[in-house]
Structures are given as C-alpha cells and as structure tokens.
Amino acid sequence: GESPQEAFALQVVANYASCNMSAGNPRSRFGLNLRMFQRCRPRWIAKILGGVFVLSAGGLLTAAGGDRENPDGALERADLEPYYDGAVATDLLLDEAGERKREALLLYYRGSSLEDADIPGKLKLFKRVIELDPGNIILAMETATHCAAQGQFSEAQSILEDCLAHNGDRRDAYLNLSRYCERYHNEDERLVESALAYAQQAVEKFPGDYVVIEHLVRLLLDRDQRGEAERVLQQSLGREVQDGAYWLTMGSIARDVWPMRNATNRERVVAVYERALRAAPDDLDTVEHVAEFHRMVGNSARAIQLYQSLVQRSPDRLGSRESLAELFWETGRPLEALAGLEALIQIDPESSEIRRKLIGMYLGLQELGKAIGHCEEIVESGSAGIDDFIRLAELQRFADRVGGALKTLREAASIYPDSPQLNFSLGRLFLDLDRFGDAFRAFRTAESQAEEEQPTFLDEGFYFQYAMSLDRAEEGAVRGH
C-alpha cells in the first residue's frame, strides 16, 4: 500500500542493507544510490535514508581500514563524536552544505583507503576535505597529526585554529589545539604558552567540565606552577556539582596537587573523594571507585564498609566481593576471606585466578591439603600454565606425594616440552629420590633449553644443584664398579 515514492525509498534502503561493502567496488554502489536518492526530494525520505547513508559511510570507512579513533601517531582525543553525526544526515543529503559534506565524506574515504605509507597522498585528500568541511573536529585532528608527522607544523596548527574558529562552543576544539601545542612545541616557548592559553580558555568556557580542568592542571604541574594548579583546583572544588565522575576526577587531581606525604594533605584528598559519594550515593561505580581509593591509601576500615555496602546492594558485583575478601585477609580476618572466595568459586568454578588466591591463603594457614585440591582443579580444568604445574608438583613433594609430583611434571613436559623450568623441577625431584643420573640429565636439558632464550634462568642456584647431581651421579658410578 505504499506510494511510489515510499516504495522507491524503501528499495534504496534495502539496497544499502544488502550491499556487501567488502566485495567489489563499494564506491560504485555508493554513487549509484546517491543518484537514485536525488530523484526523491521529500524530507521524510531523507530521514529514512539519513541513517542508512551514515551507517553505510561508516561501513565504507571500516572496510577501507581507516582507524579514525586511533590513527598511527594520533594525538590523544577525548569523547569525540562519530564522523558526520547521524543527527545531521538530512542536511548531509539535501542542501548545498550537504553536497559539500557528501563530497568531503567521499574524499575522506579515498584518503582512508590509501596505504598507511602514502602519507603525502592522504594529506592531499584530507586537506581538500578540510576545505569542504573546515569545522569537522575529528578530521581536523587527524589531518593536523599527519601534517605534524611530515614536519608541516605551522600548517597543522593553522588547521586546528580554523577548526576552533568554527567550533567555539565545542570543548574538544580547544583541547585538541592545546594538546597539539603541548606535544609539538619543539622547545618553542610561545607554543608552550599557547597550550596553556587554550586550556585556560577551555576552563573559562566550560567551567564545570572535569576533562578540561584536569588537562589544565596537568599542564600547570608539568611547568612547576603548583600554586596556580592549586588555585584552579580550589576554584573547581567550590562548585556544587552532583556528578560522581566530576568529584572522582577532582580527587585524582587533588592527589597530584596535594601529595599525601603529610596528614593534612591526606585529609584534604580523602574529603574530595567523600564528596563523590555525597554527589552520587546510588551510583555503584562511584562507590566502588571510592572504596578502591580508600584501600589504596590504607583506610581499610572505610574500604571494607564501602565494599560491604556494594555487595549488599548488588551481590552480582563479583569484583567487589573479591576485593572485600582480599581486604578481610589483609586485615587479619582469614575465615571471612576464605568464605568470600570459596563462595565465588561456587559461582565461577573455572576461575583459575580465584583458585590461585585461595591456594595462597590456604598455604598461609598451613592447610596443605586444601591448597593442593585447588591446584589440582586448575590443572584438570585444562587452563593451567607452567607455573601451575610446578606449584602443584612442589606441594605434592611437601606432602610426601612424590609419585604424584613426578606424574604432574611429566604431564606438564608433554604439554610444554621446551620449558627449562619444568626440567629444572624434574631435576630437583630426582635429587630427592636419589636418582642422580636422571637428575643430571634433567638439569642438562634445562641448561640447553635456557641458554638462548632464558639465560638469566641459569643462575648460581641452578648450577649448584646441577653440579650436585653430577657429583652424586659420579659417586654412584664409582660405587657401582
């Protein structure tokens, strides 16, 4: 029951949806659909095609191998929007500015599809794109980065300055220019000052934005302007912001501005992190970050309190439960620690990491049998590494289960035949069994395996036991005669 225009628009959408961008020449299909679109002018059709156009463009860029998020040598970026936001897709297709952006997008695709080594070719196309769409923050950043890599520093700076002129209300336009001046100043004091100036402008323009505040404070600290950095921090702490992320960032900044080597600074930093809790008491991620901070600085009681709150409110936060168990162990509450980790193993019996922690705790309590049990579970799971096999064999030796230890090491050697560590462990086990000839051969194999790849493994302790096996083997041979 669609109108002819509706049917035609849906056909175009279907064509885009079925188009395999990785086969053939994607640009030919791309151009064909654009020409088809130009026959359909109603605005509602543009809305249908807008999302498809942007998605298809993204597919083209991905298929071409263009990595807009992290190009080789790219400057750091913060929360930049996707290339050609879908919100402007209608304008991208209908008006004169849209024609320019459409051409810019096609040129960008051509530049991104060039080999990475063809920087001059990329630059030529990207600069043309900048002329067509001078306000695109991501493209300006990438083009400036390529210019700088070619030694075209003035042109790179000019591109970012033009981008800022078109985006005076965008945080990232200021940050990109500041970061560029910081990175490529080449001992030019004017550029260093420019990096600070653009960062200060960003803070003035976006006073509640913790990203720009953090950037400015870091620049000031790098230039040993601690007093000015503290002034910016104090000003930021005076704002009433109900955002946990803001206060967590202020806490991180405070740790840099106020080193916690004295009690006064420590109290000031703790107070900032506690404000994150007051700003976002129901944000469990914020609560966890604050708990991690308290644990890091040794406020174990407060950390335990926060982790217990997290576990009570969200039992599925397994990381919080693990941290709580570790804190119990660190504060001399081993039974609660073991109970916490054993409960986690019931939830995730394949977790070798949790089992290794349990092994360490049980060994600390001299419960060898339980430690061996968890070692065996790791080996039987099929995920054991060399260290897991060696640990199990060592524990089996201590428990007078020498036959089990020998079986464990031989199984490990069949999986990791080139491991000098395993042959060294075998040599030590053979020494315990008075099988000195076997011990000598195991040490000799370990030596040959380690000489090229792991020469540091061949230390005094290794050669002491190696020599002992040789002496004992020779004594046995003499007695045998």
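How many helices and how many strands does the protein have? With the whole chain displayed as a cartoon, the viewer shows 25 helices and zero strands. The model is a predicted one, and every stop on this tour should be read with that in mind.

**The whole chain**

Begin with all residues selected. The protein has 481 residues, of which 46% count as buried. Its accessible surface comes to about 24,400 Å², and carbon and sulfur atoms hold 48% of that area. For an impression of how the chain is connected in space, consider the contacts with a separation of 6 or more: residues 24 or more positions apart account for 55% of them.

**Two cysteines**

Next, select Cys 163 and Cys 181. Cys 163 has a relative accessibility of 2% and counts as buried. Cys 181 is buried as well, with a relative accessible area of 0%. A search for disulfides will return nothing, since the structure holds zero of them.

**Helix H11 and the loop after it**

Move to helix H11, residues 210-222, and the loop that joins it to helix H12, residues 226-237. Within H11, pick Arg 218. This residue is partly exposed, at a relative accessible area of 34%. Draw a distance from its C-alpha atom to that of Ile 253: the two residues are 35 apart in sequence and 8.2 Å apart in space.

Then select Asp 224, in the loop between H11 and H12. Its phi is positive, at about 60°, although the residue is not a glycine. Most residues other than glycine have a negative phi. Is Asp 224 buried or exposed? At 70% relative accessibility, Asp 224 counts as exposed.

**The pair H17 and H18**

Two packed helices are described by the angle between their axes and the distance between the axes. Select residues 318-330 for helix H17 and residues 334-347 for helix H18; their axes come within 7 Å and cross at roughly 155°. This angle is over 145 degrees, and H17 and H18 are therefore roughly antiparallel to each other. H17 passes H18 in a left-handed crossing. To see the contact, show side chains on both helices: H17 contributes Leu 318, Arg 321, Glu 322, Ala 325, Phe 328 and Trp 329. From H18 the partners are Pro 334, Glu 336, Ala 337, Gly 340, Leu 341, Ala 343, Leu 344 and Ile 347.

Stay on H17 and select Ser 323. It is buried, with a relative accessible area of 13%. Which residues does Ser 323 contact, leaving aside its neighbours within four places in sequence? Display Arg 295 and Tyr 307, which are the residues in contact with Ser 323 on that basis.

**Beyond H18**

Follow the chain out of H18 into the loop that leads to helix H19, residues 352-364, and select Ser 351 there. Ser 351 counts as buried, at 14% relative accessibility. Now add Ser 381: the C-alpha atoms of Ser 351 and Ser 381 are separated by 9.4 Å, with their positions 30 residues apart along the chain.

**The end of H22**

Select helix H22, residues 402-415, and highlight Ile 415. This residue counts as partly exposed, at 45% relative accessibility. Its C-alpha atom is separated by 9.0 Å from that of Ile 386, although the two are 29 residues apart along the chain.

**The pair H23 and H24**

The last stop is another helix pair. Select residues 420-432 for helix H23 and residues 436-453 for helix H24; they pack at an angle of about 165°, with their axes 8 Å apart. H23 and H24 are therefore roughly antiparallel to each other. The crossing of H23 past H24 is left-handed. On the H23 side, show Pro 420, Asn 423, Phe 424, Leu 426, Gly 427, Arg 428, Phe 430 and Leu 431. They meet Phe 436, Asp 438, Ala 439, Ala 442, Phe 443, Thr 445, Ala 446, Gln 449 and Ala 450 in H24.

Finally, select Asp 434, in the loop between H23 and H24. Asp 434 has a positive phi, near 60°, and is a residue other than glycine. With a relative accessible area of 54%, Asp 434 is exposed.

Methods. Residues are numbered from 1 along each chain as its sequence is written. This is a predicted model: local features need pLDDT of at least 70, side-chain atom pairs count only at pLDDT 80 or more; totals for chains, interfaces and linings use all residues. Side-chain values use heavy atoms; hydrogens and water are left out. A disulfide is a pair of cysteine sulfur atoms within 2.5 Å. Buried means under 20% relative accessible area, exposed over 50%, partly exposed in between (1.4 Å probe, protein chains only). Helices (H or I, at least four residues) and strands (E, at least two) are DSSP runs, numbered from the N terminus. Contact means heavy atoms within 4.5 Å. Accessible areas come from the Shrake-Rupley method with a 1.4 Å probe; for residues, only the protein chains shown count as cover. Axes are lines fitted to C-alpha atoms, for helices over the stretch in contact, and angles run from 0 to 180 degrees between N-to-C directions. Angles under 35 degrees count as roughly parallel, over 145 as roughly antiparallel, 65 to 115 as roughly perpendicular and the rest as oblique. A crossing is left-handed if the near helix is turned anticlockwise from the far one by less than a right angle, and right-handed if clockwise.
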